[in-house]
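Please open the structure in your viewer and keep the selection tool at hand. The tour below proceeds stop by stop, stating at each one what to select and what is to be found there.

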Amino acid sequence: MDEKEVYIKTAKAYNSLNLAEIEPLFSENIIYESQGTTINGKVAVAADLKAKFESLKQAGRRIYAELAILPPKNQIAAGPETTVNPCLILSQGVQVNRVAVIILSSNEGVIEKIDVRTSSPHWTQAQGSGIFPA
């Protein structure tokens, strides 16, 4: 499974609030980072995301994950990388209420890190595709 497929599956999981889409892809040592919180390990990350998804379902709150790209790092800040980087733009309530960028690290279809960022890079730096995989 290539990187694009991992992003599509992750977007589907967030859009459907169904962790079953991606939990089998988690590495045993997956790292989840969001707003200064770090969670380590497949069991702990899965439990945290399941709780988040269930809370959103219970509250009737919708989230949207849009396939997107970030410009080359040297266009955001000094750095040697010149390729565009895939990401997801996360929105809450409605698709235009963008709140975060999700950056994944994966290796041969195995997700090693989920990084939810509300700044640096900011979602305004990402170019959305208009595609919200279901």
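Select Ala 44 to begin: with a relative accessible area of 33%, this residue is partly exposed, a class that lies between the buried limit of under 20% and the exposed limit of over 50%. The model in view is a predicted one. Ala 44 belongs to helix α2, which comprises residues 42-59. Now add Asn 29 to the selection; it stands 15 residues from Ala 44 along the chain, and the C-alpha atoms of the two are separated by 9.9 Å.

**Helix α2**

Extend the selection to residues 42-59, the whole of α2. The 18 residues of this helix should span 26 Å at 1.5 Å a residue, and the distance of 26 Å between its end C-alpha atoms agrees with that expectation.

Which residues of α2 are buried? Colour Val 45, Ala 46, Leu 49, Phe 53 and Leu 56, for these are the buried residues of the helix. Because they cover an arc of only 95° around the axis, they lie on the same side of α2. The general rule is that an α-helix has 3.6 residues a turn, so residues three or four places apart point the same way.

Turn to the other side of α2, where Val 43, Gln 58 and Ala 59 are exposed. Then display the partners of the buried side: the buried residues of α2 pack against α1 (3-16), β1, β2, β3 and β6. Just after the helix, select Gly 60, which takes a positive phi of about 70°.

**Ser 27 in strand β1**

Move next to Ser 27, which is placed in strand β1. With a relative accessibility of 14%, Ser 27 counts as buried, because the limit for that class is under 20%. Show its side chain together with the backbone of Ile 30: a polar atom of the Ser 27 side chain lies 3.0 Å from the backbone nitrogen of Ile 30. Apart from neighbours within four places in sequence, the residues in contact with Ser 27 are Lys 42, Val 110, Ile 111 and Glu 112.

**Strands β3, β4, β5 and β7**

Select residues 63-70, which form strand β3. Is this strand enclosed or open? Of its 8 residues, 7 are buried, so β3 is largely enclosed by the rest of the structure.

Add strand β4, residues 85-92, in which 6 of the 8 residues are buried, leaving the strand mostly covered. The pairing of β3 with β4 is antiparallel and runs over 8 bridges. Two positions along this pairing may be labelled: Ile 63 is opposite Gln 92 of β4, and Leu 67 is opposite Leu 88 of β4.

Keep Leu 88 selected and bring in strand β5, residues 98-107, which pairs with β4 in the antiparallel sense over 4 bridges. The bridge partner of Leu 88 in β5 is Ile 102. The hairpin of β4 and β5 has 5 residues between its strands, and Gly 93 in this hairpin adopts a positive phi near 80°.

Return to β3 and add β7: these two strands are also antiparallel, with 2 bridges between them. Here Ile 69 stands opposite Gln 127 of β7.

**Backbone features in the loops**

Three further selections concern the backbone.

- Gln 35 is found in the loop between β1 (26-34) and β2 (37-40). Although not a glycine, Gln 35 has a positive phi of about 45°. Its relative accessibility is 64%, and Gln 35 therefore counts as exposed.
- Glu 108 occupies the loop between β5 and β6. This residue, again not a glycine, has a positive phi of about 55°. Glu 108 counts as exposed because its relative accessibility is 74%.
- Pro 121 lies in the loop between β6 (110-117) and β7 (127-128). Select it together with Ser 120 and inspect the peptide bond that joins them: from Ser 120 to Pro 121 this bond is cis, with omega near 0°.

Terms used. Residues numbered from 1 in each chain as written. Heavy atoms only, no water. Buried < 20%, exposed > 50% of the residue type's maximum accessible area, 1.4 Å probe, protein only. Pairing = 2+ DSSP bridges. Polar contact = N/O pair within 3.5 Å; in protein donor to acceptor, adjacent residues only side chain to side chain. Contact = heavy atoms within 4.5 Å. Expected span 1.5 Å × (residues − 1). Arc of directions from axis to C-beta.
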